[in-house]
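Reader: I should like to learn how strand pairing, helix faces and nonpolar cores are read from a set of coordinates. May we work through an example?

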Amino acid sequence: MNSRAAWLLALLCVARCGPALAHSAPNSFVKLSFLAQSVRAEVLVPESELAYATAAERASEPFAAYLLRHLSAETPQGAAWKVDVRSFSHTTYLEHAYLSAQVEFTPPAGAPTGAFVLLDDAVTHEVRNHLVVVLARDAAKPALLGALQYPARRLTIQRPVQK
């Protein structure tokens with residue numbers, strides 16, 4: 001076999017076998033529970049992807065502070081919601097290490113909790129192929145509300161509120 005044929009065979013093998021050998025990156029998840037006065041969320045961010053997203057930052061900061069810089073909500077008209085990171089912990093989800101944050105979103109006076117815009121770029125601002133999957137937890141089975149991937153960082157949510 002000449003060197004040109006060997007080179008073509010190597011390229012063909014990489015093109016065909018590369019995707020099978022690649023490690024799929026874990027996604028982030030935002031699981032929303034709609035209440036009468038607020039929306040509660042479990043935010044799951046894979047630690048491996050967070051490390052890539054924060055590698056270029058000068059100073060390390062607590063996860064809660066980082067999350068508050070990259071996660072918010074507003075009314076469809078643009079009025080900001082109050083965002084409170086209640087707690088966070090390390091967990092394993094779908095066989096990957098994650099940071100799990102319990103977040104509460106409170107709308108401004110008079111705004112309904114079932115209609116808002118979620119803004120999230122906690123990993124996607126740096127890891128462009130990362131996906132944020134947004135789910136509703138108010139049913140027996142979680143419902144997909146949408147997903148965010150760079151450059152999208154805004155997702156309009158319309159959901160009935162639990163009584």
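Author: Certainly; please note that this is a predicted model. Strand pairing is read from bridges: here strand β2 (residues 39–46) and strand β5 (residues 96–106) run antiparallel and are joined by 8 bridges. Within this pair, A41 stands opposite V103 of β5.

Reader: How many bridges join β4 to β5, and which residue of β5 does V83 stand opposite?

Author: Strand β4 (residues 82–93) is joined to β5 by 11 bridges, again in an antiparallel arrangement. V83 faces F105 in β5. The hairpin of β4 and β5 has 2 residues between the strands, and L94 adopts a positive phi near 50° there.

Reader: Which residues of helix α2 are buried, and what do they pack against?

Author: In α2 (residues 47–54), the buried residues are E49, L50 and A53. These residues lie on the same side of α2 because they cover an arc of only 100° around the axis. The buried residues of α2 pack against β2, α3 (63–70) and β5.

Reader: How should the nonpolar cores be read?

Author: In soluble globular proteins, nonpolar side chains tend to be buried together. In this model, the largest nonpolar core has 31 residues, and those with the most contacts inside it are L32, V43, L67, V103, F105 and F116. Leaving aside residues up to four places away in sequence, F105 touches several residues, among them L32, V39, A41, L71, W81, V83 and L118. A second, separate core of 5 residues includes F29, L44, Y98 and V133.

Key:
Residues numbered from 1 in each chain as written. Predicted model: local features only at pLDDT ≥ 70, side-chain atom pairs only at ≥ 80, totals over all residues. Heavy atoms only, no water. Pairing = 2+ DSSP bridges. Helix = DSSP H or I, 4+ residues; strand = E, 2+ residues; numbered from the N terminus. Buried < 20%, exposed > 50% of the residue type's maximum accessible area, 1.4 Å probe, protein only. Arc of directions from axis to C-beta. Contact = heavy atoms within 4.5 Å. Core = buried A, V, L, I, M, F, W, Y, C linked by side-chain atoms within 4.5 Å.
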